[in-house]
Amino acid sequence: MRIFWAVLTRDLRLSLRHGADTLAALMFFMVTASLFPLAIGPAPDTLGRIAPGIVWVCALLAALLPLDRLFGADLEDGSLDLLLLSGLPAFGIAAAKSLSHWVVTGVPLLLAAGPVAIMLRMPEDAIPVLLLGLLLGSGLLSLFGTMAASIVLGARRGGVLLPLLVLPLVTPVLIFGAAAADAAAGGFSARPHLLLLGAMLAAALPLCPLAAGAGLRAAVE
Amino acid sequence: MLTAEGVAVFRGERLVFRDLFLTVPSGGALILAGANGSGKSTLLRLLAGLVRPAAGQILWEGADAFADLAAHGERVAYLGHQDAVKPGLTVTENLLFAATVSRRSIATALEAVGLDALADLPSRMLSAGQKRRLAIARLVLSTAQLWLLDEPTLGLDTASIDRFGALLGQHRAGGGIVVAATHVPLPLPGATELRLS
């Protein structure tokens with residue numbers, strides 16, 4: 001457990017030191033989301049109707065951005081070998097990396113999602129449900145993303161392969177996440193959608209790090 | 001004691017070596033020699049558990065070393081081709097992870113490689129030799145029994161090589177094992193040599 005926290009603090013320290021990379025995902029999220037009012041027009045009815053979808057799609061794409069470097073830098077400079085020899089099993093390394101991706105990318109996106117939803121004229125009473133869905137969904141994005149990042153590690157043009165691998169995997173997350181916010185905006189119960197998201201998170205929490213750990217072992221070989 | 005029993009390794013479709021036997025007792029040292037591409041680095045990575053053998057077994061104190069890969073990782077300190085130095089962190093910060101794992105003092109390790117005066121310098125300012133010394137400081141920090149070194153003296157000046165020799169001696173005196181791949185003579189008295197072809 002001590003080594004798990006050591007991997008996490010190491011990654012957070014590196015992200016802090018490379019602040020521009022960390023901020024890039026957040027800026028990407030805010031900029032792409034603000035393109036929609038410009039393209040569709042500021043009419044509150046249209047915009048408010050599609051706001052949950054916009055927030056979800058933009059958050060999903062923004063979370064992909066840092067995945068390429070999640071293990072890439074460590075593989076190139078030899079740090080990944082040392083991490084795997086630290087005495088923590090490979091799935092533990094992967095789990096720590098997922099958590100650091102969530103802290104560095106997921107949490108800022110969550111914080112920015114509220115203001116962005118308000119900007120897009122989303123009905124106010126649906127915003128808490130949107131954020132609750134994103135809380136579960138961002139965790140899932142980090143887990144699936146870590147798994148995909150470890151699988152494409154070492155592959156030529158892995159950066160291109162990565163979205164092709166992650167996006168189909170996270171479509172259920174997108175469907176239920178956006179549906180939860182839609183249901184809340186339409187006055188229906190969002191509970192079943194959120195419960196399904198929670199179930200997916202509960203399944204991905206143990207399975208994705210296991211797959212990612214195997215991917216890491218294969219990448220260093 | 002580290003033993004390899006008839007190991008064979010493939011890299012992709014190519015057989016790197018086969019039927020390889022070796023034994024290194026506690027306190028012993030083994031030097032891997034051979035031409036470029038003869039499999040020295042692959043053998044080191046195999047002993048570290050990063051590469052899996054296609055046949056044969058690696059034994060540690062007579063038991064299968066790879067039965068628990070994470071536990072084997074704790075026995076190994078690996079110094080690869082690359083120094084694994086993060087340019088954005090200071091010299092001390094680069095060692096924080098290794099120090100947390102082993103609970104040893106960073107200051108002592110930096111002193112052992114003569115980098116104590118540069119402790120707060122950003123690592124991108126270091127020369128190639130100084131980065132190598134920083135990677136060696138990581139060996140000093142670790143509590144591992146088995147040191148696996150890939151061209152450890154690459155880029156080091158004579159004074160640093162002497163200091164490194166003393167560190168190797170200390171490690172072996174404490175019952176540690178050193179396996180090193182090299183093209184140049186290393187300060188490892190009494191080491192056996194294994195020539196790969």
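This briefing describes the two chains of the structure, the contact between them, and selected local features.

The model is predicted. Chain A contains nine helices and zero strands, whereas chain B has six helices and nine strands. The contact between the chains takes 21 residues from chain A and 21 residues from chain B.

**Chain A: overall form**

- From the N terminus on, the elements of chain A run α-α-α-α-α-α-α-α-α.
- Chain A has a radius of gyration of 18 Å, and the globule rule gives 17 Å for 221 residues; the two values are close, so chain A is as compact as a globular protein of that length.
- The C-alpha trace of chain A spans about 55 × 35 × 30 Å along its principal axes.
- Of the 221 residues in chain A, 51% count as buried.
- Among the contacts in chain A between residues at least 6 apart in sequence, 82% join residues at least 24 apart.

**Helix H6 of chain A**

- Helix H6 of chain A covers residues 90-119, which is 30 residues.
- At 1.5 Å a residue, H6(A) should span 44 Å, and the C-alpha atoms at its ends are 42 Å apart, which agrees with that expectation.
- H6(A) nevertheless bends by about 35° at Trp102(A).
- Arg121(A), which follows H6(A), has a positive phi, near 60°.

**Leu140(A) and its surroundings**

- Leu140(A) belongs to helix H7 of chain A, which covers residues 127-151.
- Leu140(A) has 27 other C-beta atoms within 10 Å; the cut-off for a buried residue is 20 or more, and Leu140(A) is therefore classed as buried.
- Leaving aside residues up to four places away in sequence, Leu140(A) touches Val170(A), Val173(A), Met200(A), Leu201(A) and Ala204(A).
- For one of these partners, Val170(A), the separation from Leu140(A) is 30 residues in sequence and 7.9 Å in space, C-alpha to C-alpha.

**Contact between chains A and B**

- On the side of chain A that touches chain B, helix H1 (2-17) and helix H5 (79-84) of chain A each supply at least two residues.
- H1(A) provides the largest share of that side, seven residues.
- By class, the side of chain A that touches chain B comprises nine nonpolar, five polar and seven charged residues.

**Chain B: overall form**

- For the 197 residues of chain B, a compact globule would have a radius of gyration near 16 Å; the value for chain B is 17 Å, which agrees.
- Along its principal axes, the C-alpha trace of chain B spans about 50 × 35 × 30 Å.
- Buried residues account for 44% of the 197 residues in chain B.
- Of the contacts in chain B with a separation of 6 or more, 70% are between residues 24 or more positions apart.

**An open sheet in chain B**

- Four strands of chain B form an open sheet in the order S2-S1-S4-S5, with antiparallel pairing.
- Strand S2 (14-24) and strand S5 (63-64) of chain B are the edge strands, each pairing on one side only.
- Strand S4 of chain B, residues 55-60, pairs with S5(B) in the antiparallel sense over two bridges.
- Leu59(B) has Asp64(B), in S5(B), as its bridge partner.

Methods:
Residues are numbered from 1 along each chain as its sequence is written. Chains are lettered from A and ligands numbered from 1 in the order in which they are written. This is a predicted model: local features need pLDDT of at least 70, side-chain atom pairs count only at pLDDT 80 or more; totals for chains, interfaces and linings use all residues. A residue is buried if 20 or more other C-beta atoms lie within 10 Å of its own, exposed if 12 or fewer, and partly exposed in between; C-beta atoms are placed from the backbone. Two residues are in contact if their C-beta atoms, placed from the backbone, lie within 7 Å. Ala, Val, Leu, Ile, Met, Phe, Trp, Tyr, Cys and Pro count as nonpolar, Asp, Glu, Lys and Arg as charged, and the others, Gly among them, as polar. The expected span of a helix is 1.5 Å times one less than its number of residues. The bend at a residue is the angle between axes fitted to the seven residues ending there and the seven starting there. The radius of gyration is taken over C-alpha atoms; the globule rule is 2.2 Å times the number of residues to the power 0.38. Two strands pair if DSSP finds at least two bridges between them.
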